[in-house]
Amino acid sequence: MKLFFLLTFLSISFQYLFSQDFKTYTQTIPGTAVTFKMAAIPAGNFTIGSPVTERGRDEDEGPQKEIKISAFWMATKEVTFAEWDLYFKDATLPQEKKLDGVTYATPKDNELKIDGVTRATPQYIDLTYGMGRDARHPSNSMSHVAAIMYCKWLYSKTGIFFRLPTEAEWEYACRAGSNTAYPFGNDPESLKEYGFFKKDTDYDYQHVGQLKPNKWGLYDMLGNLSEWTIDQYDPIYYNSIKSQDPLTVPGAKYPKTVKGGSFLDNAKELRCANRIPSRANWNKRDPQIPKSIWWLTDGMFMGIRIVRPSKQPSKEEIEKFFALYLK
């Protein structure tokens with residue numbers, strides 16, 4: 001009996017200590033004044049996918065299944081140029097190039113390791129399309145590889161493991177406890193209060209954090225820029241999806257799963273359950289031979305949002321993760 005009460009006490013104490021530590025916080029990138037906010041997303045169950053009655057539903061959104069997601073932190077906003085350009089500038093290499101007043105190092109596309117982290121090449125054209133690179137604009141047009149390399153760089157700077165969200169984590173966080181087409185309900189008329197999409201933006205993406213967040217404090221989950229997930233896209237994924245923290249490991253370069261929809265998409269593409277497979281033609285106009293592994297000439301609508309697991313993996317696990325996703 002004493003052992004039972006001791007174990008119960010230790011369990012409650014651990015949960016109390018974890019709950020005290022697991023809260024929304026602001027992360028500073030060391031050596032800079034640049035910060036970003038990480039929202040504490042609680043563990044829980046939710047039903048992934050959409051019901052057959054949902055307006056605009058696609059076949060790859062089912063069958064629905066209840067799954068469990070472990071707690072994690074998620075950035076409240078999409079990665080901005082204030083954060084991304086630090087990654088660009090953090091290199092000491094012979095060749096340099098200026099773009100919009102920012103100096104970038106220019107490693108070769110096939111160079112896999114420079115001081116432990118690969119730096120992306122500069123954009124060969126202005127892929128912001130005149131929108132600028134200020135601290136409130138979300139960084140756009142990066143490839144899946146570039147997005148993961150940014151996470152690796154961030155780990156090298158902070159010692160904290162950041163990554164892209166899984167498809168399941170993204171949908172869970174987007175829903176924020178809801179089971180409707182959008183976090184706020186089923187009526188797309190209210191969408192303009194939460195996301196920039198084709199109806200509203202006149203084909204421009206916007207500053208982050210201007211509209212309403214969802215109930216978990218996440219801005220622009222719907223619209224503005226579409227967001228990479230870590231998952232390989234599988235149209236029949238839900239037929240065999242795991243019930244605990246599911247993930248589809250990487251395979252071919254295309255397709256990866258994209259979520260959220262963008263300023264170029266209609267309301268139906270911004271539903272929580274909508275799944276978008278990445279496509280090779282997002283880089284079809286790249287004039288380089290071979291095509292860049294970093295940038296998407298026709299993917300100006302792509303952005304990223306990072307997450308952090310509630311439990312830091314070991315150094316070995318982190319190294320294996322990056323080796324797997326950057327092979």
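This is a short chat about a cavity, a sheet and a helix pair in a predicted model.

Me: Hi! What should I know about the model and the numbering?
Reply: It is a predicted model, where local features need pLDDT of at least 70, side-chain atom pairs count only at pLDDT 80 or more, and totals for chains, interfaces and linings use all residues. Residues are numbered from 1 along each chain as its sequence is written, and side-chain values use heavy atoms, with hydrogens and water left out.

Me: Cool. How many cavities of 30 Å³ or more are there?
Reply: One. A cavity here is a set of points on a 1 Å grid over the protein atoms alone where a 1.4 Å probe fits but cannot get out.

Me: And what volume does the largest cavity have?
Reply: About 60 Å³, taken as the space filled by probe spheres set on the points, which are joined across faces, edges and corners.

Me: Which residues line the largest cavity?
Reply: Lining residues have an atom within 4 Å of a point; among them are C174, Y194, K212, D220 and M221.

Me: Switching topic, in what order do the four strands of the open sheet come?
Reply: β10-β9-β8-β11, with mixed pairing. Strands are DSSP runs of E, at least two residues, numbered from the N terminus, and two strands pair if DSSP finds at least two bridges between them.

Me: Which strands stand at the edges?
Reply: β10 (276-277) and β11 (302-303); each has a single partner strand, so one side of each lacks a neighbour in the sheet.

Me: How many bridges join β8 to β9?
Reply: Three, and these strands run antiparallel. Q232 has K256 in β9 as its bridge partner.

Methods:
On a 1 Å grid over the protein atoms alone, a cavity is a set of points where a 1.4 Å probe fits but cannot get out, and a pocket is an open set with protein on both sides within 12 Å along at least five of seven lines; lining residues have an atom within 4 Å of a point.
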